[in-house]
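Below are reviewer's notes on the model, set out as numbered points. Please read them alongside the sequence and the coordinates.

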Amino acid sequence: MGRPELVPGLEGIKAIYFDLDDTLCAYWDAAKTGLRKAFGDHPDLTVPMDLMLKEWAIAFSEFVETIGKTHWYEKYLKSGDLTRAELMRRTLERVGIFDEDLALDLSNRYHVERHAALDLFPESIEVLEKLRGFWPVGVITNGPADIQQMEIEKLNLRPYFDHVFIEGEMGFGKPDERVFALARKAVGCEPGEILMVGNSYKHDVVPALENGWKTVWVRRPSDVPPSSRTGRPEEKPATGPEPTLIIKDLAEIFA
Ligand SMILES: [Mg+2]
């Protein structure tokens, strides 16, 4: 197989970085499955599933907003365990249950079921195979070190990445410009020769554009977090910068 051609607008690209969750794999779908199994199958939990899901979503949104400014961030970088359990504890508190053991058990069940349900999008491997050997390819992913490494292992993605940048290992994550500086240094290209492919406008597209990279925004109709208030995928603010390309399927980067 020869070098595939990228679509117009992506000429001159010499290195490609992908985001992981909801770009290469369906993380939010796995999270929804994990939550339903954790709440639905637990013998000691008498709270209706819909209420648990709703309160978890509220607790999640609150926690995410402040985590970077608290002592939880350092714990979160190393491992997803403590913050996941804390989030479950806060969820239970919201429904009037104060039970540390139950929180820990729900957290473990959620983790196991979410991991089991995690899967790649149908086209991901084919796209990575086509790029392999022709472009240096890397991943830039936010999240705890242990969880992100587990995902890469489980999905057998390791052989496809020349460079791996994980928030938990760096101590900072997207949209921090230090991430993009490190990733650029690793491939030794000019900013305009690097492509960022990601599903998050805020964390992938905007910071990559601000660093002079080209960007592909992956907007899948299913990309809706369990904590979403709108039930719809992320919208671009009216005045926000335009990505180089918007796609629904990773294979759309090829001409
Ligand atoms: Mg993502």
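1. A residue is called buried under 20% relative accessible area, exposed over 50%, and partly exposed in between. D81 has a relative accessibility of 40%, so this residue counts as partly exposed. The model is a predicted one, and the burial terms in the points that follow are used in the sense just given.

2. D81 takes part in a salt bridge with R84, with 3.2 Å between N and O. Both residues belong to helix α4, where they are three residues apart, or about one turn of the helix. The two partners fall into separate burial classes: D81 is partly exposed at 40%, whereas R84 is buried because its relative accessibility is 7%.

3. Helix α4 itself covers residues 81-94, which makes 14 residues. From first to last C-alpha the helix reaches 20 Å, close to the 20 Å expected at 1.5 Å a residue. Its buried residues are T83, R84, A85, E86, L87, M88, T91 and L92. These pack against five other helices, namely α1, α2 (49-66), α3 (72-78), α5 (100-117) and α7 (145-154). After α4 comes G96, with a positive phi near 80°.

4. A second salt bridge involving α4 is formed by R94 and E55, at 2.6 Å from N to O. This pair links distant parts of the chain, since R94 is in helix α4 and E55 in helix α2, 39 residues apart. R94 has 38% relative accessibility and therefore counts as partly exposed; E55, at 9%, counts as buried.

5. Another salt bridge joins R132 and E129, whose closest N and O atoms are 3.5 Å apart. Here both partners are partly exposed, R132 at 38% relative accessibility and E129 at 35%. Elsewhere, shared partners connect K54, E55, E62 and R94 into one network of salt bridges. The count of salt bridges comes to 20.

6. Which residues coordinate the magnesium ion? The donors are D19 (OD), D21 (O) and N199 (OD1), at 2.2 Å. Their spacing in sequence is D-x1-D-x177-N. D19 and N199 thus come from distant parts of the chain, 180 residues apart: D19 sits in the loop between β1 (15-18) and α1 (27-40), and N199 in the loop between β4 (194-198) and α10 (201-210). Both D19 and N199 are buried. Water is not among the atoms, so the site may look incomplete.

7. D22 is in the loop between β1 and α1. D22 is not a glycine, yet its phi is positive, at about 65°. At 5% relative accessibility, D22 counts as buried. N156 also has a positive phi, near 55°, and is likewise a residue other than glycine. N156 is placed in the loop between α7 and β3 (163-166), and with 54% relative accessibility it counts as exposed. Most residues other than glycine have a negative phi, and most peptide bonds are trans. The peptide bond between K174 and P175 is cis, with omega about 10°; P175 is in the loop between α8 (167-170) and α9 (177-187).

8. The domain assignment gives domain 1 as 15-26 + 119-253 and domain 2 as 29-117. Over C-alpha atoms, the centres of the two domains are separated by 25 Å. Contact between them involves 21 residues of domain 1 and 21 residues of domain 2. About 1,500 Å² is buried between the domains, with 54% of that area given by carbon and sulfur atoms. On the domain 1 side, K154, P226 and S227 lose the most area to domain 2, together 30% of what that side buries. How many salt bridges are counted between domain 1 and domain 2? The count is zero.

9. F254 is in the segment after β6 (245-247). With a relative accessible area of 9%, F254 is buried. Its C-alpha atom is 4.3 Å from that of L6, although the two residues are 248 residues apart along the chain. Apart from neighbours within four places in sequence, F254 is in contact with P4, E5, L6, V7, V127, K130 and L131.

Definitions and conventions
Residues are numbered from 1 along each chain as its sequence is written. This is a predicted model: local features need pLDDT of at least 70, side-chain atom pairs count only at pLDDT 80 or more; totals for chains, interfaces and linings use all residues. Side-chain values use heavy atoms; hydrogens and water are left out. Donors are N, O and S atoms within 2.8 Å of the metal (3.2 Å for Na, K and Ca); water is not among the atoms, so sites may look incomplete. Helices (H or I, at least four residues) and strands (E, at least two) are DSSP runs, numbered from the N terminus. Buried means under 20% relative accessible area, exposed over 50%, partly exposed in between (1.4 Å probe, protein chains only). The expected span of a helix is 1.5 Å times one less than its number of residues. Contact means heavy atoms within 4.5 Å. Domain bounds come from an automatic or database domain assignment. Buried area is the accessible area (1.4 Å probe) that two parts lose on being put together, summed over both. A salt bridge is a side-chain nitrogen of Lys or Arg within 4 Å of a carboxyl oxygen of Asp or Glu.
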